[in-house]
Amino acid sequence: MTLEEIMTKLAELGSEQTKNTLINHGAREPFFGVKIGDLKKLVKYVKKDHGLALALYETGNSDAMYLAGLSINPKLMTKEDLHNWVQKAYWYQPAEYTVAGVAAESDYALELAREWMKSDEEMIACCGWSTYANYLSITPDENLDLEEIKHLLDVIAETIHSEKNRVRYNMNTFVISVGSFVVPLYEDAMRVAGQIGKVQVNVGQTACKVPIATDYIKKVEAKSKIGSKKKTCIC
């Protein structure tokens, strides 16, 4: 399918109800309001066409951007491509999910995560923390820099409550990811989770809640899933 054909299909799949929900979360015009389940049905038409996936993201349309992230081959993404994507991720969905998931499975995951986490721009910093958290979920413990991760946990313990709004959310998620996926650092993650307690994040006119890290990790532990890695973090 061509870009025009995909965009026409997205328009057909959109609904005002979904659109209004996404607007409350931060999306802005132009976009159609397509449910993620419906976006996934279009992946087969885009997945083998890297250029089409890139073109979809370039539209700036949230639905098309999400579809691009579902369809792209992360190993074909250049560092320049990923920098371009993060600059255009204007709200948390593309930043924390689309770009972060693709970056985490790219050849530049740690390099970009480390760079983006230090950004003064909220969405870029969010993407950095989310990229690293996603990377933890798919990477064997023996391939992780445990000392760096411990240091990042300490940074979170000291700074999370004074960070920018969505950065706080993603720092909290990082703690959860360490506790859930990195067996050698389970105790460290639980210690920091206890220190930070409940993290306040303004989620606007939505029903979203910020998970309490200790409770979330304990639920994973209760299912005997601590250390169970994912096959992919793109969803």
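Leaving aside its neighbours within four places in sequence, with which residues is Y132 in contact? In this predicted model, the residues in question are L110, A113, M117, D145, E148, I149, L152 and F174. Y132 and F174 are also the two residues that touch the most other members of the largest nonpolar core, a set of 81 residues. The helix that gives the most to this core is α10, spanning residues 122-138, with a contribution of ten residues.

Helix α10 also contains T131. With a relative accessible area of 1%, T131 falls under the 20% limit and is therefore buried. When neighbours within four places in sequence are set aside, the contacts of T131 are A100, A103, A104, A109, A113 and W116. A113 thus appears among the contacts of T131 and also among those of Y132.

The packing of α10 against α12 was examined next. The axes of these two helices lie 9 Å apart, and the angle between them is about 10°. Because angles under 35 degrees count as roughly parallel, α10 and α12 are described as roughly parallel to each other. On the side of α10, the contact is formed by E122, M123, A125, C126, W129, S130, Y132, A133, L136 and S137. The residues of α12 that take part are N165, R166, V167, N170, M171, F174, S177, V178 and F181. Sorted by class, the contact of α10 with α12 comprises twelve nonpolar, five polar and two charged residues. Y132 and F174 are both found in this contact, and Y132 is in contact with F174.

A second helix pair is formed by α6 (residues 62-71) and α8 (residues 92-104), which pack at an angle of about 20° with their axes 9 Å apart. This angle is under 35 degrees, so α6 is roughly parallel to α8. The crossing of the two helices is left-handed. From α6, the residues S62, M65, Y66 and G69 make the contact, and from α8 the residues Q93, P94, T98 and V102. The contact of α6 with α8 holds four nonpolar and four polar residues, and no charged residues.

S62, one of the residues of α6 in this contact, has a relative accessible area of 5%; this value is under 20%, and S62 is therefore buried. Apart from neighbours within four places in sequence, S62 is in contact with A27, P30, F31, Y90, W91 and Q93. S62 and Y108 are separated by 46 residues in sequence, and their C-alpha atoms are 24 Å apart in space.

P30, one of the contacts of S62, is located in the loop between α2 (16-25) and α3 (36-40). Most peptide bonds are trans. The bond that joins E29 and P30, however, is a cis peptide bond, with omega of about 0°. Helix α2, at one end of this loop, includes T18. T18 has a relative accessible area of 13%, which is under 20%, so this residue is buried. Beyond its neighbours within four places in sequence, T18 is in contact with G33, V34 and K35.

Helices α7 (residues 79-87) and α9 (residues 109-117) form a further pair, in which the axes come within 11 Å and cross at roughly 35°. The crossing of α7 with α9 is right-handed. In this contact, K79, L82, H83 and V86 of α7 meet E111, L112, E115 and W116 of α9. The residues involved in the contact of α7 with α9 comprise four nonpolar, one polar and three charged. W116, which belongs to the α9 side of this contact, is also in contact with T131.

Towards the later part of the sequence, helix α13 (residues 186-196) has as its buried residues Y186, D188, A189, M190, V192, A193 and I196. The elements that cover these buried residues include α11 (146-159), α12 (165-181) and α14 (213-222). Following α13 is G197, which has a positive phi, near 60°.

Most residues other than glycine have a negative phi. S224, by contrast, has a positive phi, near 60°, and is a residue other than glycine. S224 is placed in the segment after α14. With a relative accessible area of 62%, S224 is above the 50% limit and is therefore exposed.

Terms used: Residues are numbered from 1 along each chain as its sequence is written. This is a predicted model: local features need pLDDT of at least 70, side-chain atom pairs count only at pLDDT 80 or more; totals for chains, interfaces and linings use all residues. Side-chain values use heavy atoms; hydrogens and water are left out. Buried means under 20% relative accessible area, exposed over 50%, partly exposed in between (1.4 Å probe, protein chains only). Helices (H or I, at least four residues) and strands (E, at least two) are DSSP runs, numbered from the N terminus. Contact means heavy atoms within 4.5 Å. A nonpolar core is a set of buried Ala, Val, Leu, Ile, Met, Phe, Trp, Tyr and Cys residues joined through side-chain atoms within 4.5 Å. Axes are lines fitted to C-alpha atoms, for helices over the stretch in contact, and angles run from 0 to 180 degrees between N-to-C directions. Angles under 35 degrees count as roughly parallel, over 145 as roughly antiparallel, 65 to 115 as roughly perpendicular and the rest as oblique. A crossing is left-handed if the near helix is turned anticlockwise from the far one by less than a right angle, and right-handed if clockwise. Ala, Val, Leu, Ile, Met, Phe, Trp, Tyr, Cys and Pro count as nonpolar, Asp, Glu, Lys and Arg as charged, and the others, Gly among them, as polar.
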